Amino acid sequence: MKMSCLPKSLAALAILSTFNAAALPKCADATWMEINYAKPQLPDRGYRNGLNRFITWLPSFHMIHDVVVAKGNTATLTAKFDYGAVTHKDLEYETVRFYIRGEQDSQWQFLSEKVTNSDGKAFVTIPALPAGQYRVYAGVPADGSGTEGFVTVVDPNTPAVLFDIDGTLTLSDEEAIGDYTGIDRADARDGAYSLVRRYMDLGYQPVYLTARVYWYAKGTRSWLDWLGLPEGILRTTMSNETSLYRTAEYKIDQINRFRAQGLNIVRAYGNAKTDAEAFIKAGIGSQNSFTIGEDAGHFGTTAILNDGYFDHISQYVDNFAQAQCE
């Protein structure tokens, strides 16, 4: 039946349905993640668990596990609190407070107050939100420490490009040691900044998927900020076992989780054999899976033969399609 033969109300619905089907996802505004805001003011409060006062003099390595969630869905966000570069002693049974801030908010909004468990973790529900980028701050009132992470709410088919960090954006896997200990900043590969920034200019959401364990999150965000890149979306592992022995499986799982929420990962960059295996097995495709370094081209990925990215950018990125978003 032609549109003109439909009743007016049904014709209007048909037009609206056609419009919605053709609507593009919201473009990522990853540059908003680069703005440095003052942390929210925590209440002045003593320890819930008095034993914690004996560990909080150590440097904190708190982290928030960034969340990607489909528009209209709620999500559970995990924050992990620990102290000490060597001991990594968990903050057990202590009160923590969560705050959230959207792109249009002029200040932090209180979200919830929780208590950490025996593993130093606290969980908070993120309500269903419009598509966009959101910051979450998790703070410990007892000592004033805290950490910041990101919630990215996406429309279906939101275009993204994925990047490993160690040996991919940094010069080598060993660079992380000096960076973590504070001895020296990890050196970036030539053109690493330009690679990520060029995709951002084309409208793609950057995603950092690393096998670094969670306590590297703080230093990783600091390094990304130092390099001049947004600090999220960042995903680290939550255990040494996963980081050391199940890297490919972990990355395949995370890629599938991102997709299930609406991210369309169109390209991926890595350096390790496990990166190559994960990209191909996750279905990103050999032409859109790029590897650099000694294992460049492994598992059928497209090899980047130079140690840097400038030639690759001119050959593969400058002529890449603009992200289909608005």
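Here are some worked exercises on the predicted model shown above.

**Exercise 1. Get the overall picture**

Task: Work out how many helices and strands the protein chain has, and what share of the residues is buried.

Solution:
- Start with the element count: the protein chain holds 8 helices and 16 strands.
- Next, burial: of the 326 residues, 52% are buried.
- Then look at who touches whom. Among contacts with a separation of 6 or more, 68% are between residues 24 or more positions apart.

**Exercise 2. Lay out the five-stranded sheet**

Task: Find the order of the strands in the open sheet of 5 strands, and say which strands stand at the edges.

Solution:
- Walk across the sheet and you pass β2, β10, β9, β6 and β7, in that order, with mixed pairing.
- Now the ends. β2 (67-70) and β7 each have a single partner strand, so each has one side without a neighbour in the sheet.
- For the twist, neighbouring strands are turned by 25° against each other on average, direction ignored.

**Exercise 3. Zoom in on β9**

Task: Which strands does β9 pair with, and are its faces covered or open?

Solution:
- On one flank, β6 (residues 95-102) pairs with β9 in the antiparallel sense over 6 bridges. As a landmark, put your cursor on Y99: its bridge partner in β9 is Y137.
- On the other flank, 8 bridges join β9 to β10 (residues 146-154), again antiparallel. Here A138 stands opposite T147 of β10.
- The hairpin of β9 and β10 has 6 residues between the strands, and G144 takes a positive phi near 80° there.
- Before checking the faces, remember that in a regular strand the side chains alternate between the two faces of the sheet.
- One side of β9 carries G132, Y134, V136 and A138, the other Q133, R135, Y137 and G139, and all of these are buried.
- That fits the tally for β9 (residues 132-139): 8 of its 8 residues are buried.

**Exercise 4. Compare two strand residues**

Task: Decide whether K114 and T291 are buried, partly exposed or exposed, and list what each one touches.

Solution for K114:
- K114 sits in β7 (residues 109-115).
- Its relative accessibility is 31%, so K114 counts as partly exposed, between the cut-offs of 20% and 50%.
- Ignoring neighbours within four places in sequence, K114 contacts E94, T95, V96, F98, A122, F123 and V124.
- One of these deserves a distance check: E94 is 20 residues away in sequence, and the C-alpha atoms of K114 and E94 are 8.3 Å apart.

Solution for T291:
- T291 belongs to β15 (residues 289-292).
- Its relative accessible area is 0%, so T291 is buried.
- Beyond neighbours within four places in sequence, T291 is in contact with G270, A276, A296, G297, H298, T301, T302, A303 and I304.
- With T301 there is also a polar contact, side chain to side chain, at 2.7 Å.

**Exercise 5. Sort out the three-stranded sheet**

Task: Give the strand order of the open sheet of 3 strands and name its edge strands.

Solution:
- The order is β1-β3-β8, and the pairing is antiparallel.
- β1 (63-64) and β8 (121-126) are the edge strands, each pairing on one side only.
- β3 (residues 75-80) and β8 are joined by 6 bridges. To find your place, look for A79, whose bridge partner in β8 is A122.

**Exercise 6. Describe a helix pair**

Task: Describe how helices α6 and α7 cross, and which residues make the contact.

Solution:
- You need two numbers, since two packed helices are described by the angle between their axes and the distance between the axes.
- For α6 (residues 247-261) and α7 (residues 273-281), the axes come within 8 Å and cross at roughly 35°. The crossing is right-handed.
- α6 brings T247, A248, K251, I252 and I255 to the contact, while α7 brings T274, D275, E277, A278, F279 and K281.
- Sorted by type, the contact residues are 5 nonpolar, 2 polar and 4 charged.

**Exercise 7. See what covers α3**

Task: Which residues of α3 are buried, and what covers them?

Solution:
- In α3 (residues 192-201), the buried residues are A192, L195, V196, R197, Y199 and M200.
- Their cover includes β11 (158-163), β12 (205-213), β14 (263-270) and α8 (310-317).
- Following α3 comes G203, with a positive phi near 100°.

Note on methods. Residues are numbered from 1 along each chain as its sequence is written. This is a predicted model: local features need pLDDT of at least 70, side-chain atom pairs count only at pLDDT 80 or more; totals for chains, interfaces and linings use all residues. Side-chain values use heavy atoms; hydrogens and water are left out. Axes are lines fitted to C-alpha atoms, for helices over the stretch in contact, and angles run from 0 to 180 degrees between N-to-C directions. Helices (H or I, at least four residues) and strands (E, at least two) are DSSP runs, numbered from the N terminus. A crossing is left-handed if the near helix is turned anticlockwise from the far one by less than a right angle, and right-handed if clockwise. Contact means heavy atoms within 4.5 Å. Ala, Val, Leu, Ile, Met, Phe, Trp, Tyr, Cys and Pro count as nonpolar, Asp, Glu, Lys and Arg as charged, and the others, Gly among them, as polar. Buried means under 20% relative accessible area, exposed over 50%, partly exposed in between (1.4 Å probe, protein chains only). Two strands pair if DSSP finds at least two bridges between them. A polar contact is a pair of N or O atoms within 3.5 Å; within protein, one must be able to donate a hydrogen and the other to accept it, and residues adjacent in sequence count only if both atoms are side-chain atoms.
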